[in-house]
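Trainee: I have this model open on my screen and would like a close look at one part of it. Could you walk me through how a pair of helices meets, and then what lies around them?

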Amino acid sequence: KRMAAEKSRRTFFSVYEVKFDEPLGSGAYGDVYLCRERSTGEECALKKIPKEFTDRDEFQREMNTLLHIRANGGHPNICMLRENFDEEDDYMLVFDLVDGGEMFEHLIKHGAYSEADASRLLRQVASALDFIHGIGVVHADLKPENVMLRKTHGGAIIKLIDFGCSEILSHPEDGGGVTEHRPPPRILTHKSGATTAYCPPEAFDDKEVALDSSADMWAIGVIVYMMLIGRHPFDLDCDASNEEIARRIKEQRLPPLNLAHNLSPSALDLIRKLMEPDPKKRMTAHDMLHHPWVTGETASEYIME
Ligand code: ADP
Ligand code: MG
């Protein structure tokens, strides 16, 4: 009888088997493993979050946002949560598997992208951001490690991951699948969670600034820079300390854009509008989606001299 009861309880391990020996990736608070649904053989990604190291607010942040995104229909360029389990020692989040690696790994291996390739990928990033910002979500931890690529015959497809730092700013009165427990509103700061090298200058201000979608747009500006030039704009040699990076961002010490790099005027225009110091003047995801370089009008034509 007891065995029957145990059998009927739907635990993570009753539904999935996991390949623990080599994680797909690791992050700040847990590893991500390849797993397989026992009944279908389908491969997925397990994000295992040990309760011991995670405060509940942090985990709830990720869950709330993922449920909110799902309740709004999801988006083709956002990696979707399939299901979640609350196990004894861990939270188990099961995601669709993204098989093409991180954009970060791609940059390390192959260096900068061509303008045409970067434009095609960034169109998808802009579309995902336009969607999340439209439903009141800020990602707040955009960086090449959290942008993944799925391989297809028609080229790579972008999948944004890791809503562990995200925030839901507005709650449209739709219920939205958002759970009861809601963390307090957030102030934009370089101190909590997010990665210093992708924080906008206002994150280092002495006066408090509320977190909003303009922070994501700055981070995308840094990513565009990295995709086209192959290096981080504030950490060109990859050895600066966080303090030094913070100082460079605050003092706007952006390396000169038009020298040495054969970028098209249109690409430079996009980077400048995303890495705009004033968050109120910074380009929005909607504007980015319609920028001629992002739509492909100017990027694919440009031929380096
Ligand atoms: P953290 O919040 O700890 O940074 P992430 O959600 O970013 O966790 O996951 C850590 C790493 O695991 C990612 O950078 C990526 O390499 C890998 N990863 C995450 N989700 C997937 C997925 N759905 N498919 C394949 N790999 C993934
Ligand atoms: Mg991450």
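Mentor: Happy to, and we will start with the helix pair and then visit a few single residues. Keep in mind as you look that this is a predicted model.

Start with helix 5, residues 115-134, and helix 6, residues 214-229. Their axes come within 10 Å and cross at roughly 165 degrees. An angle over 145 degrees counts as roughly antiparallel, so helix 5 is roughly antiparallel to helix 6. The handedness of this crossing is right-handed.

Now zoom in on the side of each helix that faces its partner. Helix 5 brings Glu115, Ala118, Leu122, Val125 and Leu129 to the contact, and helix 6 brings Asp216, Ile220, Val224, Met227 and Leu228. Sorted by class, this contact has 8 nonpolar residues, 2 charged ones and no polar ones.

Next, step back along the chain to Ala112, in the loop between helix 4 (103-110) and helix 5. Setting aside neighbours within four places in sequence, Ala112 is in contact with Met227, Leu228, Ile229 and Gly230. Two of these names, Met227 and Leu228, will be familiar from the helix 6 side of the contact with helix 5. The C-alpha atom of Ala112 is also 8.0 Å from that of Arg231, although 119 residues separate the two along the chain. Ala112 counts as partly exposed because it has 17 C-beta neighbours inside 10 Å.

If you follow the chain past helix 6, you come to Cys238 in the loop that leads to helix 7 (242-250). Cys238 is not a glycine, yet its phi is positive, at about 60 degrees. With 8 other C-beta atoms within 10 Å, Cys238 is exposed.

Ala140 makes a useful companion to look at. This alanine has a positive phi too, near 70 degrees, and is found in the loop between strand 7 (137-138) and strand 8 (147-150). Ala140 counts as buried, because 26 C-beta neighbours lie inside 10 Å.

One last stop is a residue with a database note. UniProt, in an unreviewed entry, lists Lys47 under "binding site". You will find Lys47 in strand 4, residues 43-50. Lys47 has 24 C-beta neighbours inside 10 Å and therefore counts as buried. Leaving out residues up to four places away in sequence, Lys47 touches Gly30, Val32, Leu93 and Phe95.

Definitions and conventions:
Residues numbered from 1 in each chain as written. Chains lettered and ligands numbered in written order. Predicted model: local features only at pLDDT ≥ 70, side-chain atom pairs only at ≥ 80, totals over all residues. Axes fitted to C-alpha atoms, helices over the stretch in contact; angles between N-to-C directions. Helix = DSSP H or I, 4+ residues; strand = E, 2+ residues; numbered from the N terminus. Parallel < 35°, antiparallel > 145°, perpendicular 65-115°, else oblique. Left-handed = near helix turned anticlockwise from the far one by under 90°. Contact = placed C-beta atoms within 7 Å. Nonpolar A, V, L, I, M, F, W, Y, C, P; charged D, E, K, R; others polar. UniProt positions renumbered as here; feature names shortened; annotations may be inferred. Buried ≥ 20, exposed ≤ 12 C-beta atoms within 10 Å, placed from the backbone.
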